[in-house]
Amino acid sequence: MKRIGHRGAKGHEPENTIISFQKAINLNVDGIELDVHLSSDDQIMVIHDETIDRTTNGKGFVKNFTSSQLKELEIPTLTEVLDLVHRSCFVNIELKGIGTAKPVVDLISDYILKKNWEYIDFLVSSFDWKMLEEVQLLQPKIRIGVLTEASVEEALAFAKKIKAFSIHPNFRLLTKENVALMQENGFEVFTWTVNSTDDIQKIKSFKVSGIISDFPDRI
Ligand code: G3P
Ligand code: CA
């Protein structure tokens, strides 16, 4: 079972920062999860919200700032995070911002062609299933994770349709039976965001493929 650090190691360090990803790596995670939006100069920035208000001292939409302005606020680019990771674990890139599918596919292709990364080093997920379809069309070799906080059944049907690699349901949607059903259909099950030791124990007993947690050291 894979241990995946949510937004790095959000329980220990500020989310989606270099310090947080370094902490997750130090905890020997199998993977890190992160969120992406585009800057005004079309760089892929690692930040959860569409605005910088909650996580920085600034105010406004990510898309209205240049990458250098955002970097000054400790928001890393995806390139900076990948170079830090240096293939020490896989990277689950969650597409949040509009228009992130193609730039992310292009960046992944670049790392595979020029930097000796492999497809197994990446996993692209999103709640926006249209963007996942776009990824699948652009490069079918990229592993896709179907995110849902609503319905395991619908996610399973869509995962079959686009030949996804994994299904990523909120952990509250899981039962032992539906985990087995997704796996019998050939999909890995990565669930989120499981933080308390009680919840982690319960979810582990369902034999999921991986747990995404703010505290990957508790898994
Ligand atoms: O990818 C799992 C999880 O991060 C999805 O929800 O809101 O934390 O991005 P959220
Ligand atoms: Ca996320």
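Of the contacts between residues at least 6 apart in sequence, 53% join residues at least 24 apart in the protein chain of this predicted model. The chain has eight helices and nine strands. Its radius of gyration is 16 Å, close to the 17 Å that the globule rule gives for 219 residues, so the chain is as compact as a globular protein of that length. The C-alpha trace spans about 50 × 40 × 35 Å along its principal axes, and buried residues account for 45% of the 219 residues.

It helps to set this beside the database record. An unreviewed UniProt entry carries the annotation "domain: GP-PDE" for residues 1–219. Within that span, helix makes up 34% and strand 20%, while the end C-alpha atoms lie 9 Å apart.

A pairing of residues distant in sequence can be followed at Gly11, a residue of the loop between β1 (2–6) and α1 (18–26). Leaving aside residues up to four places away in sequence, Gly11 touches Asn195, Asp214 and Phe215. Pro216 is 205 residues away from Gly11 in sequence, yet their C-alpha atoms are 8.7 Å apart in space. Gly11 has 19 C-beta neighbours inside 10 Å and therefore counts as partly exposed; the buried class begins at 20.

Turning to the ligand, the residues that surround ligand 1 are His6, Glu33, Asp35, His48, Glu94, Ser125, Leu147, His168, Trp192, Thr193 and Ile212. Sorted by class, this shell comprises five polar, three charged and three nonpolar residues.

Definitions and conventions: Residues numbered from 1 in each chain as written. Chains lettered and ligands numbered in written order. Predicted model: local features only at pLDDT ≥ 70, side-chain atom pairs only at ≥ 80, totals over all residues. UniProt positions renumbered as here; feature names shortened; annotations may be inferred. Helix = DSSP H or I, 4+ residues; strand = E, 2+ residues; numbered from the N terminus. Near = placed C-beta within 6 Å. Nonpolar A, V, L, I, M, F, W, Y, C, P; charged D, E, K, R; others polar. Rg over C-alpha atoms; globule rule 2.2 N^0.38 Å. Buried ≥ 20, exposed ≤ 12 C-beta atoms within 10 Å, placed from the backbone. Contact = placed C-beta atoms within 7 Å.
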